[in-house]
Amino acid sequence: MAPAGAKRNILERLDAGEIVIGDGGFVFALEKRGYVKAGPWTPEAAAEHPEAVRQLHREFLRSGSNVMQTFTFYASDDKLENRGNAQRFTGAQINEAACDLAREVANEGDAMVAGGVSQTPSYLSCKSEAEVKGIFKRQLNVFVKKNVDFMIAEYFEHVEEAEWAVQVLKTSGKPVCASLCIGPDGDLNGVSPGDCAVRLVKAGANIVGINCHFDPMICVKTVKMMKEGVERAGLKAHYMVQPLAYHTPDCNCQGFIDLPEFPFGLEPRILTRWDMHKYAREAFNVGIRFIGGCCGFEPYHIRAVAEELATERGYLPAASVKHGNWGAGLEMHTKPWVRARARRDYWEKLKPASGRPKCPAMSTPDSWGVTKGHADLMQHKEATSLDELKPLFEKAKANKVLFS
């Protein structure tokens with residue numbers, strides 16, 4: 001159980017050297033459970049199926065999460081209305097429902113509520129700074145009304161848009177985190193991780209880091225580069241990391257969305273709970289103290305993070321009652337060869353097989369090389385037509401021949 005006492009805000013915890021554990025990938029988890037549609041990736045389930053969102057919050061809380069992030073990813077009105085995505089709820093309705101659910105579960109344990117905003121179709125379509133900031137401001141109004149504990153600007157491929165988000169969120173007076181979905185090569189305009197971090201801190205972010213698009217070790221490496229950049233600039237910040245739960249050694253600068261397996265064939269890449277132990281330790285050793293997960297992370301992954309850092313945190317998560325340390329529960333298995341696996345060195349040295357004889361170890365990512373301002377990225381409300389899809393199909397075929 002978490003230690004008793006009044007809840008402190010995230011900066012008080014991090015300033016005291018504590019480890020804050022985030023939650024996992026709600027969008028992917030709820031898509032697999034049948035509550036989110038792949039493609040739009042929008043979070044209307046907070047209003048349509050609150051019981052599903054509430055239960056997932058509870059599972060992450062039980063697994064050790066200190067942060068209940070509102071299920072508001074892509075909940076801006078321009079995204080909700082993008083490409084024929086019919087909605088029964090407005091962004092404000094979804095965001096309010098998400099805040100209520102996160103607060104309800106956070107109050108059941110030692111957790112804080114984080115309101116989140118993410119990149120917008122309007123930015124990709126070259127709308128003005130004022131228009132994009134207006135979108136963030138409308139979302140922020142709900143988070144202020146619901147009195148969330150802190151703010152997260154996450155999943156930004158362009159540091160400029162992330163700066164705009166931070167500047168808006170900072171007006172709330174609450175602590176602000178900013179995490180980019182970039183790798184060691186920097187954002188999609190080639191701004192290095194270190195320079196991105198400096199810009200975000202100067203914009204007002206208290207905590208900077210990386211989420212999504214890449215696996216844990218790549219994300220930790222990128223946050224380390226951010227930390228070095230901030231320190232070179234003589235600035236101060238805390239650091240966060242919320243990576244994928246998928247191995248991505250073959251990804252290019254756009255991360256896993258360029259993999260041919262995205263999004264429906266990624267399961268062979270899922271990290272084991274033992275991989276998560278390595279991730280948690282590496283993140284801690286680099287100096288990251290806000291450690292969580294993004295797409296692919298399930299509650300058992302977060303439990304593994306919490307168990308690896310139990311000594312530093314001073315307690316185990318509640319869910320560890322049902323999980324023996326390093327497989328110790330297997331001591332009670334009926335088969336002796338399974339009982340023989342009840343030891344740490346077995347799981348630390350295991351090299352899991354995929355069971356897919358003709359599958360390659362790695363893939364060739366799509367490499368379209370398009371970003372903000374390109375005609376292919378201009379967003380619109382109308383559903384994508386067959387005439388619009390045909391040239392994309394042809395380009396995909398051509399790229400496959402070119403890079404195979």
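**A walk from two helices into the sheet**

Let's start with a single side chain: His277 sits in helix 12, the run of residues 273–286. Keep in mind as you look around that this is a predicted model.

Is His277 buried or exposed? Its relative accessibility is 4%, and since buried means under 20%, His277 counts as buried. If you set aside residues up to four places away in sequence, His277 touches Ala304, Glu307, Glu308 and Trp326.

From here we can step over to helix 13, which spans residues 299–308 and holds Val305. Val305 has a relative accessibility of 0%, so this residue counts as buried. Which residues does Val305 contact, leaving aside its neighbours within four places in sequence? They are Ile21, Met276, Tyr279, Ala280 and Ile291. One of these partners, Met276, is worth a second look in your viewer: Val305 and Met276 are 29 residues apart along the chain, yet their C-alpha atoms are separated by 5.9 Å. Met276 lies in the range of helix 12, residues 273–286, while Val305 belongs to helix 13.

Now turn to the sheet. Eight strands make it up, and it is an open sheet with parallel pairing; reading across, the order is 1-8-7-6-5-4-3-2. At the edges you will find strand 1 (20–21) and strand 2 (67–69), each of which pairs on one side only. Ile21, which we just met as a contact of Val305, falls within the range of strand 1, one of those edge strands.

Strand 4, residues 150–156, is a good place to pause. How many of its residues are buried? The count is 7 of 7, so the strand is mostly covered. Strand 4 is joined to strand 3 (residues 112–117) by 4 bridges, and the two run parallel. Within that pairing, Val117 has Ala153 of strand 4 as its bridge partner. Strand 4 is also joined to strand 5 (residues 176–180), again in parallel and through 4 bridges. Here Phe156 stands opposite Leu180 of strand 5. The path between these two strands takes in helix 9 (residues 159–169): strand 4, helix 9 and strand 5 together make a right-handed β-α-β unit.

Leu180 then carries us one strand further, as it stands opposite Ile210 in strand 6. Strand 5 and strand 6 (residues 207–211) pair over 4 bridges in the parallel sense. As you follow the strands, one general point may help: in a regular strand, side chains alternate between the two faces of the sheet.

Technical notes: Residues numbered from 1 in each chain as written. Predicted model: local features only at pLDDT ≥ 70, side-chain atom pairs only at ≥ 80, totals over all residues. Heavy atoms only, no water. Buried < 20%, exposed > 50% of the residue type's maximum accessible area, 1.4 Å probe, protein only. Pairing = 2+ DSSP bridges. Right-handed = clockwise from strand over helix to strand, strands pointing away. Contact = heavy atoms within 4.5 Å.
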